[in-house]
Amino acid sequence: MNDFCRYAKKCNSCQLCNLNYEEQLRHKENICRKYPGKLCAVKKISPSPKITGYRNKAQFVYKREGKRVISGLYKSATHSVMAADQCAICTDTANTITAALAKLFYSFKVMPYDPYTERGWLKSVVIREAAATGEVMAVINGADRIFPAKRTFTTALQKACPMLTTAVIAVNRDRAKLFTGKQSEILFGDGRITDVLCGEKFILSPTSFYQINHDQTEQLYQKALELAGLSGSEVVLDAYCGIGTIGIIASRRAKFVHAVELNPAAIADAKRNAKLNGVENIRFTAADSKEYVRRLTEKDARVDVAFIDPPRAGCTSSFLNSLARLSPDRIVYISCNPETQARDLRILGRLGYKSRVCYPFDMFPHTNHCESIVKLTRG
Ligand SMILES: C[S@@+](CC[C@H](N)C(=O)[O-])C[C@H]1O[C@@H](n2cnc3c(N)ncnc32)[C@H](O)[C@@H]1O
């Protein structure tokens, strides 16, 4: 049994938990040396301020065991649920809520969904927390809309989990898909939570992307801003902007920000966030980054600095080609996958951008995921 977590071996989400934290950091720094490090200097990795209980988003699955419904996690690389009464990288709040929910689900006969037989209703529960404000949202993901005794369930839920500020039921009718569907209904609260990052407020709804390690995200964004070297006169692009975090923080030191994101729910949050923070020099667009940047090049738009923060798969070469045609002086590339980041840096290298420096950040202690920022300049 592992000292860090007794479920570690079976769950396998914390692949590095057998190493001490110093060794984990060295391992991640070496990953950055192996990939972006072939193109530029790699600085010392920034350790995470917290190494347990750091996740502000936790996903739990459930199974029926005899006369109980049990909260659990997936066994590594399977869809089979193992009973687990806590997850070491999730918060105490999330662990407490899932245990209370498992009891409620049983007493309300809300049974876990089995994708093979298509029986049951409950697919998963996602708990999202705002570290700065203490707001907590539970998103209960079900297979369809039928939810017996919804009103009494809501009252019982508020009593059992007083720390929840809002709860939502979301439906994903796709048999194999367990994540949050687009169709949703608020049980109580306003279906969103508000957090504070780098002094700005951010509203997030159930499906919007939000960095999972609050304190480390503040350090990551501060470094990204420092590398962008904004003086107040620049036109900035925030590509893959999520709920607008980087763009809104950068807007304070920029003339204007163009921000683009594929998920319309995240863009709706981003627009609310700009209003909430009184930011007027930013325009959010729900679109594919590639299409949006191509449109900017057609309009001969000016962009001095670009932040790009794509998903793990990285950028497409057509996005990078259009970006290079926009010809920003500096690109700040934030990535959660140094391997695809290095591939994209090579493409940008052929398009005239030199990778200058890489800063690794440990956003995900005990897992083998690594975040890095690379600054590129033109010419
Ligand atoms: C790693 S997240 C970064 C979000 C944001 N920059 C932040 O720090 O919170 C990547 C984002 O890219 C969005 N995305 C994925 N593919 C995209 C595309 N082709 N065009 C625009 N946005 C995309 C995702 O919805 C997600 O919000």
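## Helix α10

Helix α10 has 13 residues. From its first C-alpha to its last it reaches 18 Å, close to the 18 Å expected at 1.5 Å a residue. This is a predicted model, and every value below is computed from it or taken from a record.

Which residues of α10 are buried? They are P338, Q341, A342, D344, L345 and L348. They cover an arc of only 165° around the axis, which puts them on the same side of α10. An α-helix has 3.6 residues a turn, so residues three or four places apart point the same way. The cover over the buried residues of α10 includes helices α2 (21-34) and α9 (317-326). It also includes strands β15, β16 (353-361) and β17 (371-378). After α10 comes G352, with a positive phi near 105°.

## The annotated active site

UniProt, in an unreviewed entry, places the feature "active site" at C336. Where does C336 lie? It sits in the loop between β15 (330-335) and α10 (338-350).

Is C336 buried, partly exposed or exposed? It has 19 other C-beta atoms within 10 Å, and a residue needs 20 or more to be buried, so C336 is partly exposed. Beyond its neighbours within four places in sequence, C336 is in contact with R312, H369 and E371.

## The annotated binding site

The unreviewed UniProt entry lists Q211, Y240, E261 and D309 under "binding site". Two of these, Y240 and E261, are described here.

Y240 is in the loop between β11 (235-239) and α6 (245-251). Its phi is positive, about 65°, although Y240 is not a glycine. Most residues other than glycine have a negative phi. Y240 has 21 other C-beta atoms within 10 Å and is buried. Leaving aside neighbours within four places in sequence, Y240 is in contact with E261, S289, I308, D309 and P310. Two of those contacts, E261 and D309, are also on the UniProt list.

E261 lies in strand β12 (residues 256-261). It is buried, with 28 other C-beta atoms within 10 Å. Not counting residues up to four places away in sequence, E261 touches Y240, C241, G242, A266, I267, A270 and A286.

## Domains and core

The domain assignment splits the chain into domain 1 (18-50 + 213-378) and domain 2 (57-196). Their C-alpha centres lie 32 Å apart.

Which residues touch the most other members of the largest nonpolar core? Of its 117 residues, A224 and F307 do. This core draws at least three residues from each of domain 1 and domain 2. In soluble globular proteins, nonpolar side chains tend to be buried together. A224 touches I246, F307, V332, I334 and I373, leaving out residues up to four places away in sequence.

## Helix α3

Helix α3 (residues 92-107) has 16 residues, which should span 22 Å at 1.5 Å a residue. Its end C-alpha atoms are 23 Å apart, which agrees.

The buried residues of α3 are A94, N95, I97, T98, L101, A102 and F105. Seen down the axis, they fall within an arc of 160°, so they line one face of the helix. On the other side of α3, D92 and S107 are exposed. What covers the buried face? The cover over the buried residues of α3 includes β2 (57-65), β3 (68-74), β5 (122-129) and β6 (136-142). K109 follows α3, and its phi is positive, near 55°.

## Around strand β4

A77 is found in the loop between β3 and β4. Its phi is near 55°, a positive value in a residue other than glycine. Is A77 buried or exposed? It has 7 C-beta neighbours inside 10 Å, so it counts as exposed.

M82 belongs to strand β4 (residues 81-83). It is partly exposed, with 16 other C-beta atoms within 10 Å. M82 and G72 are ten residues apart in sequence, but their C-alpha atoms are 5.4 Å apart in space. Setting aside neighbours within four places in sequence, M82 is in contact with Y7, K10, G72, L73 and K75.

Technical notes
Residues are numbered from 1 along each chain as its sequence is written. This is a predicted model: local features need pLDDT of at least 70, side-chain atom pairs count only at pLDDT 80 or more; totals for chains, interfaces and linings use all residues. UniProt positions are given in the numbering used here, feature names are shortened, and annotations may be inferred rather than shown by experiment. Helices (H or I, at least four residues) and strands (E, at least two) are DSSP runs, numbered from the N terminus. A residue is buried if 20 or more other C-beta atoms lie within 10 Å of its own, exposed if 12 or fewer, and partly exposed in between; C-beta atoms are placed from the backbone. Two residues are in contact if their C-beta atoms, placed from the backbone, lie within 7 Å. The expected span of a helix is 1.5 Å times one less than its number of residues. The arc is that of the directions from the helix axis to the C-beta atoms. A nonpolar core is a set of buried Ala, Val, Leu, Ile, Met, Phe, Trp, Tyr and Cys residues joined through C-beta atoms within 7 Å. Domain bounds come from an automatic or database domain assignment.
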